[in-house]
Every structure is written in structure tokens, then in C-alpha cells.
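Reader: I would like to go through this model with you and ask, term by term, what stands behind each label.

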Amino acid sequence: MGNARQPLLDASPYSRSSTRGSMSDMTPSQIVRSFLLMSICFSANHGAVTACLGLASARLGDLTYLDADLGTWQNGTLYTFYTLSAVFGATYVVDRLGSRNGILAGVSIYCVYVCCFLVASLVSDANKWPVALIGAAIGGVGGGFLWTAQGAYFGKTAAAYALACDIPKEDATAYLGGLFAFFYLSEEVALKLLSTLITQVLELDWLVVFISYSVIAFLSAVGILFVYKFPEEAAKENDKKGFCYKVTAATRLLTTDTKMPLMIPMNAVFGFAAAFLNSYVTGQVIHFATTAPGADPVNGLDNYVGAFTAIPAAVAAVMSLILGKVAAKTGKGPILIGGACAFAALASIFLIRPGLDDWGWAPLITVFILMGMGRATFESTLRATFADFFSSNLPGAFANIILQSGLSSAFAFFAFPHITCDEESDYCVEYKGNGGLHNVLALELIVIVTALLAILGYWKASKIRDREILEEKEGGDLVEKV
């Protein structure tokens, strides 16, 4: 590839000069530093969000309605509006604001979701419901176009970096995807552990936890103001299209590109596994682990929920850097397949070892490690794959990730608590709080079957992409001959 320049070497200091016409004028290390600044600020904000999401069932689980606790209702509301935002408006918002400003708007709105936990800590139980649900709805709207904007920013940066380093764009997406996932997941680990540090080590109130998260979310949003902003692009043919055309970019890509429907299970298995982990493992199994060393006789290992929920992000953070290098040698396919197998293994543990009795540290840590292994492929490799497969429509492609994973998560958070049974057994367990019997076998099978469909769907989509690349190459060769 010629004399490819290496990142982070021999570069002048990064400048936000408004006279810079294009990122293509920047050196590779300037491009990387700009991308890292975005990644760090984005990750701090989103880390506060995911920390609160992981605590929802544990902190709001005592309030229930229709067989589901407030935490589950809040998570379901978040993902519902997250999905609706991605389908009806995310691509339009990003088109109007630009990728950098789209990220800024998204993280600013996410601050509302984080702050709703702070407010919920101060109000009566009756008022917790509207505070939690309204905050989740507003946060979901912001999250929908936040990730769409991040995907567009990621794609543009990868293209500029590939050009600056004279490397294939696929290598650039793998490298930058690994960097982003590392900071994204590392900061999530730190912020999830923060709750355990504050409540268990410093022995402070949960109110301090949510004040801390709110401050971090706000400061990270301010930091996005200092991220490189791509210049306004020249008028494109798409600009002549109407509002409805831009709003429906995600669904249009879903219905016109045969690869996109095949990728649905790969996104859905993450959503189902995450909902299974949050609602059942975090919300129930950890609570009933009363025989584990250091467990509370009544609340089990609830006090360590922050530490448990930090494990997947910690594992994924380390793996994301490794996977970026592995993908350059093996391709992204084996990594995605391995991630789907990790999600299937997570659910299979409860298939082999059913019931809520006698769960200890070792098996629970194993479950959360498997979630981290699967998540590492979702946060880095899968997003990089979408940038490769659908490079001509990045906002629509990343909006589809939100659509598919968000819809599956919303469905799981709302539907899983209502998959009930009549007679208590190892696979029909009684949840805390509402006392209802729940069919966890069905939940486990949903995750496992979706993982198998994810592997099959990706294999078919990759074959289609290989044919497209071959046709593009043959078309280019024909033009050269003419």
C-alpha cells in the first residue's frame, strides 16, 4: 500500500481552526486524535446512561405493575422510543444537523434520562413512575439519532483515515472501531463500578451516585463542543428529496437492500441477551443468591450489582482492541459468529443449570463474562461490518442497527416478564416483588435460537456482499478497457 503513514506519529498538534476545509487535509494522527476526543466524550455520556440502565431493575424493582417492575417498564420505554426515533427521524436529524452536531444533540438529551434517576431518588413512590417513564421516553428519542450520528461520523472519519494512511477502508473501520469500543466500554466499566465505590467503599447514599452520573453526563456533553466538525457538504442529490424521503431512510434501506434483513438476527440476539441479563439475571438471580459468600440473607448480592454489570463492559473493552487486530487477519466474519455463540452459551448455562437456588460468584461471573465476549463483537466488529456492507448510506445503516437491536430489546423488556407459567419448577420460577411465576425456559430458547439465526443470516449476507464486490471490480475493469 505504498508508504503508509502510521497513526499517532510525527504529527503537529490538533487544531479546531474553522479554516480547515476537510479532514483530508489532516495527518493520520490528527484524524485519530479528533476521533479519540469524540470517543472519550461520547463514552462518558453513554457510560452514565448504561450505568443507570443497569441499575434500573435493582433500584426501582420494588414498584411493580402488570407482572413487571418499574425498572423493566422504564427500560422498555427507553428502547421503544429509541427505536421509534431511529425509524422516524434519526436520519433526517443527522442530515440537518450534521454528524458532530447530531452527536451533541443526542448526548444533551441523554442528560435528561440520567437526571431522571436523580429526581426519582428525591420524590415519593407514586411520583417515581412518571419521572422514570418520561425521562426514559425523552432519553430514547435522543439515543435514536445519537447512534445514527455517531455512525455517520465514524464512517466519514474512517474514509479520511484510510485515504491519509493509504490503506483499505475495511482496515480503517476495524482499527477505529476497536479504538472507539475500547474507550466506550472502559468508561462504562469505570462508571458502573462507581456506584459500588460510592455505596460500598465510601458508604454514601445512592443519591450521591445519581448526582455523580448527572454531572458526568453534562460535562461530557460540553466536551463534544470541542470535537472536530466536518464542513458543510456541497448540495447532494438527496437534498432535493422531501422530508418523508429522508425520514424513512432506515426503513427504505431495510426493504431495498437484501443484506439488511439478513442482519436482523445478529442485532436481535444482542437485544434479547441484554434484556435476559438485565431483567432475569441482574433483577432476579443476583437477588436470590443468598448463600454466596458475602451475600445478604435477604437481598443476596444486590449490593454488588454495579460490579457485576461492569464485567461485560470490562471484558468487551479488552477484547475490542484484540478483535480489531484479529479482524485484519481473519476477516470480521469469524468474530461475529463467535459473538453469537457467546450469547447462546450465556443462555445455555441457565438451560443446563436451571432454578434460582445456590447461585454463587463463579457461575454468575462466568455468565457476565460471556455477555462481555458477545458484546465486544457488537460494539466494534458489527458496527465496522455495517460500515463496510452499507457504505453508500451510513446514516441509514446505523439507524438500522438501532432499529433492529432497539426493537428487539423493547420487545424483550416488555414481553419477557409476561411469559408466565402455572406450576413452579426449575424452569418456572417465582420473581421477587410481584410473586408471579415466569417461564425462563422460553427466554433461554429465544436467545439460543436467535443466535443460530444470526450466524446463518450473516453467512448469507456476506455471500451477497462478496458478489457485489466482484461485480463492482468487474465493472471497473470494463470501464478501464473502454
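Author: Phenylalanine 276 is a good place to begin: not counting residues up to four places away in sequence, Phe276 touches Val281, Leu346, Phe350, Phe416, Leu443, Glu444 and Val447, where a contact means heavy atoms within 4.5 Å. This is a predicted model, in which local features need pLDDT of at least 70 and side-chain atom pairs count only at pLDDT 80 or more, while totals for chains, interfaces and linings use all residues. Residues are numbered from 1 along each chain as its sequence is written, and side-chain values use heavy atoms, with hydrogens and water left out.

Reader: What makes a set of residues a nonpolar core, and which members touch the most others in the largest one?

Author: A nonpolar core is a set of buried Ala, Val, Leu, Ile, Met, Phe, Trp, Tyr and Cys residues joined through side-chain atoms within 4.5 Å. The largest has 136 residues, of which Ile103, Tyr113, Tyr213, Phe276, Tyr280, Val281 and Leu364 touch the most other members. Its largest share, 14 residues, comes from helix α5 (residues 125–165), helices being DSSP runs of H or I with at least four residues.

Reader: Why is serine 99 called buried?

Author: Serine 99 has a relative accessible area of 4%, and buried means under 20% (exposed is over 50%, partly exposed in between, with a 1.4 Å probe and protein chains only), so serine 99 is buried. Serine 99 lies in helix α4 (residues 99–120), and its contacts include Ala149, Tyr153 and Phe230.

Reader: Over which residues does pLDDT stay under 50?

Author: pLDDT, the predictor's confidence in each residue from 0 to 100, stays under 50 over residues 1–21 and over residues 233–238. Where pLDDT is low, the predicted coordinates should not be read in detail.

Conventions:
Helices (H or I, at least four residues) and strands (E, at least two) are DSSP runs, numbered from the N terminus.
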